Amino acid sequence: MAIPVEGFMYPNEVELQWSILIVLYPFITGLVAGAFILASLERVFRVQAVKPTYRLALLTALSFLLVAPLPLQLHLGHPERSLEMYLTPHRSSAMAMFGFVYLWYLMGVLLLEIWLDYRSEIVELSRSTSGWKRLIYRVLTLGSNNVSERSLRIDDKLGYFITLLGIPSAFLLHGYVGFIFGSIKANPWWSSPLMPIVFVFSAMVSGIATVMLLYMLTTRLRGQQIDMRCLDKIAQYLLYTFVIDFSLEMLDLLQRIYEADESFRSLDFMVHSRLWISQVVVQILLGTVTPIALLGLMQVLKLTDAARKRVYTLAGCLTVMGIFAMRWNVVIGGQLFSKSFLGYTTYKMGFATREGLLPAIILMILPFFILWFLVKLLPPWHESASLSDSGAAAVHGTS
Amino acid sequence: MRKFGRRCAGTGGAWDTHLFKDIEHLIRLAGVIAIALVAFVILRAAVVPRSFGEYGHYRGAAIGELSSRPIAFAGHEACEACHSDVVDQKKLGKHVVVACEACHGAQAKHVEDPGSVQPVKLDTAVVCARCHEANAAKPKNFPQVVTADHSGGIACDTCHQPHRPKIEEEKAETGNSATKGKK
Amino acid sequence: MEITRRRLLVLLPAAAVAWKYVQAGTPEASPNYKLTEHWWSMLIDIPKCIGCGSCVRACAEENDVPDGYYRTWIERYHVADWKIERPEVESPNGGIQGFPPHAEEGGKNFFVPKLCNHCADSPCTQVCPVGATFISPDGVVLVDKNYCLGCRYCVQACPYGCRFLNPKTNTAEKCTLCYHRITKGLTTACCEVCPTGARQLADLKNPKDPIHEFLRTHTVQVLKPHMATGAKVFYNGMDGSVR
């Protein structure tokens with residue numbers, strides 16, 4: 001198993017405990033939180049321009065949230081005991097409390113909001129389809145077929161309230177993941193009060209970018225016209241969020257460099273050697289500075305629609321890659337150096353092993369399959385309706 | 001989850017039923033949630049181990065399980081109960097503070113069944129060197145040698161009696177070496 | 001020693017007395033052991049440690065510790081002159097076969113045995129999501145391997161690097177202070193075999209335990225006091241370079 005060690009590490013530290021699967025987990029929950037915040041921009045803050053992405057953002061959030069526990073299950077030594085977290089949660093443990101935050105967010109916020117928003121279509125589809133699809137829709141109606149105007153208005157009001165509650169819940173969801181790392185005093189790379197905030201903002205960045213990319217992709221696949229007003233608005237919000245995220249990360253970095261405490265020399269060397277490519281090149285230069293510059297330029301220059309779409313695609317892809325790199329640098333980086341500050345180890349990632357690269361790739365692709373299925377089951381778009389159509393469509397924010 | 005209701009002005013006494021119909025789906029949802037909660041409570045009562053919470057937030061039975069592991073090292077008092085001659089020998093030298101099993105290894109099985117389980121004969125060239133091979137990090141007042149120079153690598157008990165290691169004392173007292181006539 | 005039949009008849013009752021010391025059983029079988037009467041800790045006397053590795057070997061044998069993982073280990077320090085913040089440290093296989101001879105190299109050289117510090121305010125028990133690791137009423141931090149999920153959050157939270165995941169049981173593991181021994185009046189395996197008395201088990205609740213006098217009259221430290229873990233392993237004569 002000989003893992004190359006430089007300098008001195010405590011004997012039990014040489015082998016990394018948290019693998020690429022644990023990198024995936026904050027990445028996926030981050031996409032969820034970010035996608036949801038984008039959806040709530042329309043619903044709560046009445047940002048009309050992003051309406052076309054409302055339902056898509058919700059379904060994206062759901063697809064990723066359903067996959068989120070899977071890397072954890074693969075990682076556990078005893079996944080069959082994972083129910084213990086709900087049966088005997090240790091209240092002082094951030095991980096245990098997160099189980100309930102996850103459950104609340106999935107059930108109380110996301111599923112409920114999607115159900116309320118789609119309910120009239122579900123009832124209609126339970127009448128118009130046949131076979132196993134009809135069965136699913138009938139179950140989803142919970143046996144109630146009332147779609148009177150007042151019931152829909154009640155749904156809408158309740159949905160608004162849930163979304164309102166959902167915004168702090170989304171912050172809590174991913175902020176908690178940040179806290180799971182940030183509260184570990186033993187690890188100076190993780191331990192920071194800024195960690196939950198940095199995680200939340202980088203989550204928003206990755207979520208907004210993902211929905212933006214998905215919107216462009218799905219619209220093209222459907223052969224429809226991309227709503228440029230919507231796209232420009234999303235890109236604008238992406239830029240603002242990114243600037244805040246970058247500022248927070250740079251603040252943390254500058255403070256560390258200036259204070260240069262006990263851990264600094266060791267961490268600095270680690271960044272310059274083992275994390276150079278993933279942190280400086282991929283995360284900062286390619287994944288943050290470049291997209292911010294591109295998006296910033298779009299605010300100033302007047303390019304054609306086609307050119308802007310290309311720039312947004314590039315910026316979006318770089319962003320998602322950069323945020324993944326950030327999760328990698330936090331999780332893996334935090335285990336590459338010794339807590340004695342005297343040495344470094346190496347991460348040996350397997351390929352077709354339980355915690356290897358192959359399961360990670362599969363888990364990243366899986367949400368898109370789920371999304372495809374959800375889009376088929378609960379179509380976010382009414383192909384016949386035009387962009388400015390009113391009536392039921394306006395109430396539920398579809399295009 | 002709060003349920004919203006609206007008064008419909010002008011519909012008289014019939015608004016109650018209408019309201020109920022309009023929030024029927026929410027009531028059904030509340031029912032589903034209630035059933036799920038009850039199921040969870042029942043599951044919890046059935047599955048959580050009985051001794052959980054006995055001393056703190058953990059399975060109390062774990063304390064008993066952890067303290068009933070079988071023992072591998074008997075402890076020097078167990079050895080001394082039988083091997084009093086070695087005890088007397090050790091008392092005269094520096095190794096009086098060294099536990100028997102430090103050199104002889106775990107012997108609980110031997111104590112359990114002294115007749116059939118015998119300790120393995122030690123290779124002193126290996127065992128003694130672990131403590132007494134010279135190393136810059138060892139305390140300066142600790143007896144240590146460079147075995148290559150000291151003995152050329154032969155077994156230490158060729159000259160030393162491990163239970164009473166100092167050679168000069170031995171000769172002065174009894175006039176002969178303890179290693180004379182060794183098996 | 002030659003064992004004749006006659007000698008055996010005399011020795012057997014003695015053996016029975018000896019066997020009392022190795023009797024396995026539950027706390028109920030050792031009715032004299034009361035959890036609340038003890039608060040276990042350990043004293044490590046650094047100037048006495050000779051780095052022989054007996055403790056590491058004994059622990060591995062007593063507790064079935066898998067190869068390549070360490071419930072206890074020894075570090076060898078070389079501190080060149082005033083470079084107190086940059087010691088050279090090594091721990092070949094945790095020191096299980098002792099240390100290779102080093103020529104006299106000047107500076108300061110010494111051994112430091114390490115183990116779980118059985119912290120009174122342990123960060124590892126704080127983060128366990130299910131209550132699989134805990135501090136017992138008598139002060140020993142333990143892992144319930146029948147309840148542990150193997151999430152390794154505790155491994156990340158320990159500032160001292162004393163925890164690992166046992167690849168056979170897929171649960172977290174670490175020094176148990178030989179709980180199965182100390183609850184029966186024996187000492188830990190590592191303290192039993194230490195030839196110089198560098199490691200000694202101590203019971204802070206026992207007024208007659210020599211540790212109280214020792215702590216009063218010697219300069220002792222704990223590892224990483226700034227972490228405020230309430231560590232209960234005390235190091236006598238520990239240099240400031242020790243990480």
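How many bridges join strand 1 of chain C to strand 11 of chain C, and do the two run parallel or antiparallel? Keep that in mind while you load the view. This is a predicted model.

**Stop 1: strand 1 of chain C**

Select residues 40–45 of chain C, which form strand 1. Add strand 11, residues 233–236 of chain C. Four bridges join the two strands, and they run parallel. Now pick D45(C). Its bridge partner in strand 11 of chain C is N236(C).

Next, show strand 9, residues 199–203 of chain C. Strand 1 pairs with strand 9 in the antiparallel sense, over five bridges. Zoom in on W40(C). D203(C) of strand 9 stands opposite W40(C).

Turn on side chains for strand 1. In a regular strand the side chains alternate between the two faces of the sheet. Color one side of strand 1 by selecting W40(C), M42(C) and I44(C). Give S41(C), L43(C) and D45(C), on the other side, a second color. Both faces are covered, and each of these residues is buried. The count for strand 1 of chain C is six buried out of six.

**Stop 2: T36(C)**

Step back along chain C to T36(C). It lies in the loop between helix 1 and strand 1. Is T36(C) buried or exposed? T36(C) counts as exposed, because it has 9 C-beta neighbours inside 10 Å, and the cut-off for exposed is 12 or fewer.

Add P137(C) to the selection. P137(C) and T36(C) are 101 residues apart along the chain. Their C-alpha atoms are separated by 6.0 Å.

**Stop 3: where chain C touches chain B**

Show chains B and C together. The contact takes 52 residues from chain C and 45 residues from chain B. On the chain C side, highlight the elements that give two or more residues: helix 1 (5–19), helix 2 (54–63), strand 4 (108–115), helix 5 (179–182) and helix 6 (189–193). Which element gives the largest share? Helix 1 of chain C does, with seven residues. Color this side by class. You get 29 nonpolar, 14 polar and nine charged residues.

**Stop 4: where chain A touches chain B**

Swap chain C for chain A. This contact takes 14 residues from chain A and 15 residues from chain B. Select helix 7 of chain A, residues 149–182. Helix 7 gives the most to the chain A side, with five residues. Color the chain A side by class as before. Here there are four nonpolar, seven polar and three charged residues.

Terms used. Residues are numbered from 1 along each chain as its sequence is written. Chains are lettered from A and ligands numbered from 1 in the order in which they are written. This is a predicted model: local features need pLDDT of at least 70, side-chain atom pairs count only at pLDDT 80 or more; totals for chains, interfaces and linings use all residues. Two residues are in contact if their C-beta atoms, placed from the backbone, lie within 7 Å. Ala, Val, Leu, Ile, Met, Phe, Trp, Tyr, Cys and Pro count as nonpolar, Asp, Glu, Lys and Arg as charged, and the others, Gly among them, as polar. A residue is buried if 20 or more other C-beta atoms lie within 10 Å of its own, exposed if 12 or fewer, and partly exposed in between; C-beta atoms are placed from the backbone. Two strands pair if DSSP finds at least two bridges between them.
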